[in-house]
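User: I would like to go through this model one question at a time. Please reason briefly before you settle on each answer.

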Amino acid sequence: MTALVLALIVGALFALGTFLLLRRDLIRVVWGLAIISQAANVYLLAMGGIAAGTFDSVPVLAGHDAGAPETADPVVQALVLTAIVIGFGMTAFALVLSYRVYEEHDTLDVSELGDHEG
Amino acid sequence: MDPELPIVLLAVGLPFAVAGVTPLLFRALGERTGYAGSAVALICFGLLGSQYGSEGTVELEWIPSLAVALRFHVDGWALLFALLASGIGTLIFLYSPAYMHDESGLARFYAALLAFMGSIIGVALAADLIAIFLFWELTSLCSFVLIGHYTEEDESQYAARMAMLVTVGGGLFLLVGFLLLSLVAGNVVGPASAFDLAAMLEQPDQMQTALRERGLFVPVLGLVAVGAGAKSAQVPLHFWLPNAMAAPTPVSAFLHSATMVKVGVYFVGRMRPMLVSLEWLVLFATIGLVTMTVCALLAVAATDIKELLAYSTASHLGLMIAGFGFTTVLGAETGVFHLLNHALFKAALFLVAGIVAHETGTRRIADLGGLRHDLPITAVITAVVALSMAGIPPFSGFYSKELLFEAALEASHVYDIGVLGWLYPAVAVFASVFTVVYSLRFLALFVGDRPAGYSHVHRPSLTLLVPPALLALLTAVISVNPELAVRAIVQSGVDATAVDTHELHVGIPTSYSPAVGMSAVAIAGGVLAYPVYGTLHDGIRAIPRLAPPVSANWWYDAVVGTLTGSGRWLATRVHNGLLRTYATWTLATTCALTLAGFAATSTVVPTELIGLDADAAIALVLAVAVVAGLAVVLASTHVAGVLTLSILGFMIAIFYILASAPDLALTQLVVETLVLVIFLLVIEEIPEYYEVGLGKVARDGVLSLAVGATAFVTVLVTTDARPEGTTEIARYYTERAVPEGGGTNVVNVILVDFRGFDTLGELVVVALAAISILTLIIMRSGGAGGDEE
């Protein structure tokens, strides 16, 4: 089934993230990265099919002998969980890198930094 | 008698194995490594010699699923070439230590030379198209390393790059030809041997008919011609060979006269039984004779002895290609016999050139003369091999050139080729006149008086003299008794390359025939033209000066220069150091490729009706997230931006709860909190920065909308293509979570049990990020502001 609502949301988040990615302020570039990775996570989850949150659809089995009921796709959830953690590492690193850049060059203007590189 | 696989494998593999340990060998033996290489080449020669007289195919499984095997076919033609390579290799390794005395980079030199010998034996014996291509390109690669031996010199680098570009580029044409050939072969000889050249050559007529039915005959012929022509320096791709003379002389003798440049000729001979036809005749006879003529003229114009020999090599390669081009059995006889003769006399001539350059210190033709006084033995060697090159009876080159004249005369007997029927013999004679002229010029270095240019000529050492002397001796033996060479190996080579069998007989002609007349005209013309050598030399040199586009080198420089220039221009536009430029190009290209991919597979239109797959709660939460995102974009201060970014993150966390993913929600909440704290800590240190410029906002807006639209279309298309219900892999993990992982939380079991190593990798990434952050904050020294802390 096509996911129109999710497609609209993911598209909008990608557009906003891209816009931030192109700013001259390095901090806003980091925000852009963060928003795009959030949007990518939503997309990944949508690919597994979104099941409305009920007791049965959560991929946690009722007990050790409860059999295997139909649940939301646990594989995409494992993927997204990894992606969230990696995204966190990336955002934190990018942020501290920007901070260090500011310490070294006294500016966060990407165009000025480009001139520094020559 | 069938060949034996272990022996064949050893002959191909041994040089590679020794090449691998050459650095160690060099540490132990020093400059004497060359003698070890000589021993290796001699062992290969012996191994190949033990297969003398055998014929058949042996194979080792390689990629059975693709019907690719390490398949070797041994017959007279393959053995002739492989024995030449290892035999001349033995002499080259013997010659090198004295010639390369006191030079640097010798370990690399010998390793590349050994690897080259392995590749050339491989290409001679290989019978699988993929294996042939592999060995073929390996020879080009080794040639690149050896031409660029003097790594600091611009001339070496230029020559090595040029040889690489032309020969490897030609090899790619050959690869396409091979793939087309295997398409057809799969139907003719069976899919299991689609790459088996030996099997194809067993049914040459069926292969040619099948190729013609598929309309692939001319493409395959053309692609093989480009590949072989590039490798064997045929006009207009001949220009790399004279430049390759930047390599040390032993390399020139081995690679660029005796073996590597003959690979193209060898392969043309190999394919001959399958592809021989009218098109074959016109294509190869024309290419060969044009090359023979043009390069003979250029050899007369050469000012450097190695340049003269290089052009003459290309000219003789043209002779062999033309020989194979003629469809009668005489053509095959020309090609095979001249390949043998040329390898012997030209390798000897290069080694002589090496001795001259080594002992006098110059290679300029104009500065040399009267060398027989100082180098008497070398002078005798030169007399034998130079007269053989000129094709003067009774020297060996005469016999094979006589065969070419006969083949050229007979060309019009088989096919009706109109005016070409008499043009081919005429051109062959014309080119031979200049062959005689430049051969005599080379010989003239040794006669007459010494010019005043150089003071003292050293005596060459024994190891410099023995290799060319042996080659000259072999040339002399073939000259005196050509039937000996024919019986020993040439006849079996002819049988493998000719369509019908024919007993080859050569000897000094005892009665007049048109071919004898042609030989007489060529030799007389050459001798008569020799006194005006100076005028010819200057006249030919003046042509490319007056009209640069005549020379192929000019075209190479123009093409490579344009490519380099436009590449540099593109790099300054795309790689200008500004982050936004990189992001713009990357994103725009990704979007364009993605949308083009969807358009090409016409999946842009969703097949199902668009449905609202998310319920109201999810839609609402995500709408809030988008609004928060908008607020981030519009935020005027960093603090406002960070806080609204946080709202977005928490909304996503709620979305995870609603989408039955409690683990994700928990992780997201923890991560969002941490990110908020880190952001606040950092931005406290940083001043505000305000955006500027409305024009750029408009441009960025367009790109952002494009990226957003691409993401929108991608989600629509991919979710539409998703299979209904639970996937097999999801069921697999859900069913085995308890029995195999012992846990009820399927996501956790996947992460820590089934995909434990992936999670470990993820932890390593986070740990690395943490260490890097720590490093960035704490370790700040040496920089401009290092004294602030």
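User: Is Ala15(A) buried or exposed?

Analyst: This is a predicted model, and the call rests on counting C-beta atoms around the residue, with 20 or more within 10 Å needed for the buried class. Ala15(A) has 27 other C-beta atoms within that 10 Å, so the residue is classed as buried.

User: Which residues does Ala15(A) touch, leaving out those up to four places away in sequence?

Analyst: Ala15(A) sits in helix H1 of chain A, which covers residues 4–21. Within its own chain, its C-alpha atom is separated by 9.6 Å from that of Ile35(A), 20 residues along. With residues up to four places away in sequence set aside, the residues that Ala15(A) touches are Ser704(B), Leu705(B), Val707(B) and Gly708(B).

User: Which helix gives the most to the side of chain B that touches chain A, and with how many residues?

Analyst: Taken as a whole, the contact brings 93 residues of chain B together with 81 residues of chain A. Several helices of chain B each supply at least two residues to that side, among them H24 (579–600), H28 (694–721) and H31 (756–778). The helix that gives the most is H28(B), with 15 residues.

User: How many nonpolar, polar and charged residues does the side of chain B that touches chain A have?

Analyst: The residues to be sorted are the 93 of chain B that are in contact with chain A. By class, they come to 58 nonpolar, 22 polar and 13 charged residues.

User: What is the helix content of chain B over the UniProt feature "domain: MrpA C-terminal/MbhE"?

Analyst: According to the UniProt annotation, which belongs to an unreviewed entry, this feature covers residues 698–777 of chain B. Over that stretch the end C-alpha atoms are 37 Å apart and strand accounts for 0%, while the helix content is 86%.

User: Why is chain B described as more spread out than a compact globule?

Analyst: The secondary structure of chain B comes to 31 helices and two strands. For its 789 residues the globule rule gives 28 Å, and chain B is called more spread out because its radius of gyration is well over that figure, at 35 Å.

User: What distance separates the centres of domain 1 and domain 3 of chain B?

Analyst: The domain assignment of chain B places domain 1 at 276–560 and domain 3 at 755–789, with domain 2 at 612–690. The C-alpha trace of the chain spans about 105 × 70 × 55 Å along its principal axes. Taken over C-alpha atoms, the centres of domain 1 and domain 3 are separated by 68 Å.

Notes:
Residues numbered from 1 in each chain as written. Chains lettered and ligands numbered in written order. Predicted model: local features only at pLDDT ≥ 70, side-chain atom pairs only at ≥ 80, totals over all residues. Contact = placed C-beta atoms within 7 Å. Helix = DSSP H or I, 4+ residues; strand = E, 2+ residues; numbered from the N terminus. Nonpolar A, V, L, I, M, F, W, Y, C, P; charged D, E, K, R; others polar. Domains from an automatic or database assignment. UniProt positions renumbered as here; feature names shortened; annotations may be inferred. Rg over C-alpha atoms; globule rule 2.2 N^0.38 Å. Buried ≥ 20, exposed ≤ 12 C-beta atoms within 10 Å, placed from the backbone.
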